[in-house]
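Reader: Hi! Could you take one part of this protein and walk me through it slowly, as you would for someone in first year?

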Amino acid sequence: MSIGNSPEDERPFDDESDDSRPSIGHALRQARLDAGLTVDDVSTATRVRIAIVQAIEADDFAPCGGDVYARGHIRTLAKAVHLDPAPLLAQYDASHGGRPAPTPAAPLFEAERIRPERRGPNWTAAMVAAIVAVIGFVGFTAFKGDGEGGKTPVAEGGSTPSADKGTPTPKTDKPKDTKPEPSDSAIAAVPQDKVTVQVSAADGRSWVAAKDHNGRLLFDGLLKQGATKTFQDSEKINLVLGDAGAIDLYVNGKKIEDDWQPGAVERLTYTKGDPQAG
């Protein structure tokens, strides 16, 4: 009795080989039929796919995927249909170049031996590196602090400089532009055979005119504040000061101490013996 097979599948397999021994596929098929099994039964019992069972029974071993798998399927199917698999395997090896050589185990163990071992992070090395970094930073900071402290000069005897860079230096008043007072040396430097008159616009500008004993005009103009003019003559100097209060006057090296008022016009004459004779 057949289940799931077409009548054509159940038809006795014709022995087309010249050899009296049936082919592997024919033997397996005939044994299955004798056992009353269908292809589905054999596939279910052996877990070999139906297409492969049918291909093997047709002596087509290409779907098996190689000699090793083909031999394995032949052995499994033979046992399922109550056949001795040894003659079938010998027949297969004879027709397919012999039994396949076993896979050498040495390369497998060799590959396993040289496989690099996976290692986790080396936390010990990381911790040591962190400690070294902290120690280095602390040492550098301490060394830097000592170096800056050593820059401060220390005087002998333990005293330290009193000057403090942070203390601003008190400003000193700019010395006033003091007017040169005639000294004895200045008076001595004045030629005794001449009359020398120096006019200085100390407190403001003033118009000034100066003439020698011949009436020759030596200067006639505005004397700006801070400006000075010096006149000399062998006998006398005639002066006109437009603002006598702004003028400091020196005659033969001595200052004339007169209380001239601002804006006052003064007409003055000096000779070689002035100011004593004046």
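**A close look at strand β6**

Author: The protein has nine helices and eight strands; helices (H or I, at least four residues) and strands (E, at least two) are DSSP runs, numbered from the N terminus. What you see is a predicted model, where local features need pLDDT of at least 70, side-chain atom pairs count only at pLDDT 80 or more, and totals for chains, interfaces and linings use all residues. Residues are numbered from 1 along each chain as its sequence is written, and side-chain values use heavy atoms, with hydrogens and water left out.

Let's pick strand β6, residues 247–251. Is this strand buried or exposed? Five of its five residues are buried, so β6 is largely enclosed by the rest of the structure. Here, buried means under 20% relative accessible area, exposed means over 50%, and partly exposed is in between (1.4 Å probe, protein chains only). For the whole protein, buried residues make up 27% of the 278 residues. Now look at which way the side chains go: Ile 247, Leu 249 and Val 251 point one way from β6, while Asp 248 and Tyr 250 point the other way, and all are buried.

Next, the neighbours. Strands of a sheet pair through backbone hydrogen bonds, either parallel or antiparallel. Two strands count as paired if DSSP finds at least two bridges between them. On one side, β6 pairs with strand β1 (residues 195–201) in the antiparallel sense, over five bridges. If you want a spot to find on screen, Gln 198 stands opposite Tyr 250 in β6.

β6 is also joined to strand β7 (residues 254–255), again antiparallel, by two bridges. There, Val 251 stands opposite Lys 254 in β7. β6 and β7 form a hairpin with two residues between them, and Asn 252 in the turn has a positive phi of about 50°.

Put these together and you get an open sheet of four strands in the order β4-β1-β6-β7, with antiparallel pairing. β4 (228–233) and β7 stand at the edges with a single partner strand each, so one side of each is left without a neighbour in the sheet. The link between β1 and β4 is made by six antiparallel bridges. One landmark here is Val 195, whose bridge partner in β4 is Asp 233.

Now zoom in on one residue of β1, Val 197. Val 197 is buried, with a relative accessible area of 0%. So what does Val 197 touch, not counting residues up to four places away in sequence? Its contacts (heavy atoms within 4.5 Å) include Leu 249, Tyr 250 and Val 251, and these three belong to β6. Lys 229, Thr 230 and Phe 231 are also touched by Val 197, as are Ile 237, Leu 239 and Tyr 270. Asp 274 is 77 residues away from Val 197 in sequence, but 9.9 Å away in space, C-alpha to C-alpha.

That kind of reach along the chain can be put in numbers for the whole protein. Among contacts between residues at least 6 apart in sequence, 59% join residues at least 24 apart.
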